[in-house]
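Trainee: Got a minute to walk through this one with me? I'd like to go piece by piece.
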Amino acid sequence: MKHIVLYSNGAQSAYTSYLVAKKCGRKNLVLLHNPTGAEHPDSERFADDISELIGVQITEISCGINLWELIEKENFIPNPRAAFCTRMLKVEPARKYFKTLNEPFTVYLGYTKDEKCRAERFIKANPDLNVMFPLIEKDLSAEDAKKKLLKLGIKLPESYLYFQHNNCIPCVKGGKSYFKQVLKYFPDEFWKMAELEKRFNHTVLKDISLEKLAKEVA
Ligand code: SF4
């Protein structure tokens, strides 16, 4: 039986990895990471630290292109209503990996006690998978996961200094306040996305372009 943690370089999936390793051992543990190529550079350092803590290499399965290339390829910027980036960059490569396995496996996700509805939706959308949510079982929140990692001597990814999650920069699911933070701390990525909005003539945010948002902030 394989134990596969969907490892995202966030604190939640990192602490989930630690819990699964403690309970099930390292021998059949897979920390499966589907990179988006748009993560903060400090994510690599964090992944190395987690890999060393647990004693298991991270298994990287990519779809072969990054977030920016995906947008170019699709001629469309994903948004919260159509976040096809998650499907193409993460879900489909993970599914491909599952197909290569010739033994039973359980999938572990880092959803927290505040994400029980999300966990239920995941189970409904993936009836063929055997799924477990160790943080929910232990009644842990996102903050708890961060604190536990800090106690283990792990430095959190730098993204948490600016954002709630260590996602792509920028993450197309972010709202106005999120994009204001992106403008402040990651202006290159902000303006790269703003340029794409102009080229494809649609916006990431529902009712305002990034260019207009930047004027609001100025
Ligand atoms: S983190 Fe955001 S931008 Fe990146 S793949 Fe997920 S939804 Fe898309």
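Mentor: Sure. One definition to start: the expected span of a helix is 1.5 Å times one less than its number of residues. Also keep in mind that this is a predicted model.

Trainee: OK, so what span should helix H2 have, and how far apart are its end C-alpha atoms?
Mentor: H2 covers residues 42-54, which is 13 residues, so at 1.5 Å a residue it should span 18 Å. The C-alpha atoms at its two ends are 19 Å apart, which agrees.

Trainee: Which residues of H2 are buried?
Mentor: Ser43, Phe46, Ala47, Ile50 and Ile54. Looking down the axis of H2, those buried residues fall within an arc of 100 degrees, so they line one face of the helix.

Trainee: And which exposed residues sit on the face turned away from that buried side?
Mentor: Asp48 and Glu52.

Trainee: What do the buried residues of H2 pack against?
Mentor: Helix H1 (11-24), plus two strands, E2 (29-33) and E3 (58-60).

Trainee: What follows H2?
Mentor: Gly55, with a positive phi near 85 degrees.

Trainee: Back to Ser51 for a second. Is Ser51 buried, exposed or partly exposed?
Mentor: Ser51, which lies in H2, has 17 other C-beta atoms within 10 Å, so it counts as partly exposed. Buried would take 20 or more, and exposed 12 or fewer.

Trainee: What does Ser51 touch, if I skip residues up to four places away in sequence?
Mentor: Val56, Gln57 and Ile58.

Trainee: How far is Ser51 from Gly174?
Mentor: They are 123 residues apart in sequence, and 28 Å apart in space, C-alpha to C-alpha.

Trainee: Switching topic: how is the chain divided into domains?
Mentor: Domain 1 takes 2-157 and domain 2 takes 174-218. Their centres, taken over C-alpha atoms, are separated by 27 Å.

Trainee: How many residues are in contact between the two?
Mentor: 5 residues of domain 1 with 5 residues of domain 2. On the domain 1 side, the touching residues are 3 nonpolar, 2 polar and no charged.

Trainee: Last one, the ligand. Which residues are around it?
Mentor: Thr36, Leu67, Pro78, Ala83, Cys85, Thr86, Leu89, Asn167, Cys168, Cys171, Val172 and Lys173. By class, that shell has 8 nonpolar, 3 polar and 1 charged.

Trainee: Which helix gives the most to that shell?
Mentor: H4, residues 84-99, with 3 residues.

Key: Residues numbered from 1 in each chain as written. Predicted model: local features only at pLDDT ≥ 70, side-chain atom pairs only at ≥ 80, totals over all residues. Near = placed C-beta within 6 Å. Helix = DSSP H or I, 4+ residues; strand = E, 2+ residues; numbered from the N terminus. Nonpolar A, V, L, I, M, F, W, Y, C, P; charged D, E, K, R; others polar. Arc of directions from axis to C-beta. Contact = placed C-beta atoms within 7 Å. Domains from an automatic or database assignment.
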